[in-house]
Amino acid sequence: MSKIENRTKVITGVNTRLSYFHGWEPVSINGGAEKYSVSVLIPKDDTETINAINAAVDAAIDEGIAKFGGKKPNKAAIKLPLRDGDVERDDEAYKGHYFINANSKTAPQIVDKSVKPIMDRSEVYSGCYGRVSLNFYAFNSNGNKGVACGLGNIQKIKDGEPLGGKTSAADDFSTLADDDFLA
């Protein structure tokens, strides 16, 4: 049986960086439903991934025409998932990158380079690099129309400088002798 090509699915390149990573536990953003989510940073020079995303967004628009009232919308008039980090974020990590916020109600599978499940949660964090499977789909709710991005699975490729100012316990605390607790 041949695999049916999913025109709305993209696997990002190996230089994709994870930011605002919530892949282990779902979180509620602005009081919404709890979801697993990640902001996917794609270097602007990764034209292969960018072109694949643009093609998938176009496919999602085509597949979602019914949601747009039966006619193809002007892309300038709808919300699109691929955003420019140089324009929309005052954050060094986003410079020279496009970014996509992807989320899912179901947990992503998170694997290593050998596609073995990663069990140690400290292995995958905001700032590490990985490939992410993304699925694009049309939406039309409460007057908002556009293409959103679903989070598929994550493959960690390599470590990176942690984002978000997270410190380690060793950085936060000095060693205390037992009798200090009794003072």
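This passage describes the fold, the nonpolar cores, the cysteines and the salt bridges of a predicted model.

The overall layout comes first. The protein chain contains 3 helices and 8 strands, and their order along the sequence reads β-β-β-α-β-α-β-β-β-β-α. Of its 183 residues, 39% count as buried. The accessible surface of the protein chain amounts to about 11,400 Å², and carbon and sulfur atoms account for 50% of that area. Contacts reach well along the sequence: when residues at least 6 apart are considered, 69% of the contacts in the protein chain join residues at least 24 apart.

The interior can be followed through its nonpolar cores. The largest of these has 32 residues, and the members with the most contacts inside it are Leu18, Phe21, Ile53, Ile100, Val124, Leu134 and Phe136. Two or more residues of this core are given by each of β2 (17–27), β3, α1, β5 (97–104), β7 (129–141) and β8 (144–158). Helix α1 supplies the largest share, with 6 residues. Another core, of 5 residues, lies apart from the largest one and includes Leu41, Ala93, Tyr94 and Phe99.

Phe21 offers a helpful view of the surroundings of one core residue. Once neighbours within four places in sequence are set aside, Phe21 is in contact with Ser37, Val38, Ile110, Val124, Tyr125, Ser126 and Ile154. Among these partners, Val124 is itself listed with the residues that have the most contacts inside the largest core.

Two cysteines can be considered next. Cys128 is buried, with a relative accessible area of 0%, and Cys149 is buried as well, at 3%. Both values fall under the 20% limit for a buried residue. The structure holds 0 disulfides.

Attention now turns to charged side chains. Side chains of opposite charge can pair when their charged atoms come close. A search of the whole structure gives 9 salt bridges. In one of them, the side chains of Lys44 and Asp86 meet with an N to O distance of 2.7 Å. This pair links distant parts of the chain, since Lys44 sits in the loop between β3 (35–43) and α1 (47–63) while Asp86 belongs to helix α2 (residues 85–88), 42 residues apart. Lys44 is partly exposed, at 27% relative accessibility, and Asp86 is also partly exposed, with a relative accessible area of 40%.

A further salt bridge joins Asp58 and Lys75, whose closest N and O atoms are 2.7 Å apart. Because Asp58 lies in helix α1 and Lys75 in the loop between α1 and β4 (83–84), the pair ties together parts that are 17 residues apart in sequence. Both ends are partly exposed: the relative accessible area is 32% for Asp58 and 33% for Lys75.

Arg83 and Glu88 form another salt bridge, with 2.9 Å between the closest N and O atoms. Here too the two residues are partly exposed, Arg83 at 26% and Glu88 at 38% relative accessible area. Finally, salt bridges can also share residues, as a network of them links Arg7, Asp62 and Lys72.

Definitions and conventions. Residues numbered from 1 in each chain as written. Predicted model: local features only at pLDDT ≥ 70, side-chain atom pairs only at ≥ 80, totals over all residues. Heavy atoms only, no water. Salt bridge = Lys/Arg side-chain N within 4 Å of Asp/Glu carboxyl O. Helix = DSSP H or I, 4+ residues; strand = E, 2+ residues; numbered from the N terminus. Buried < 20%, exposed > 50% of the residue type's maximum accessible area, 1.4 Å probe, protein only. Core = buried A, V, L, I, M, F, W, Y, C linked by side-chain atoms within 4.5 Å. Contact = heavy atoms within 4.5 Å. Disulfide = S-S within 2.5 Å. Areas by Shrake-Rupley, 256 points an atom, 1.4 Å probe, with all protein chains shown as cover.
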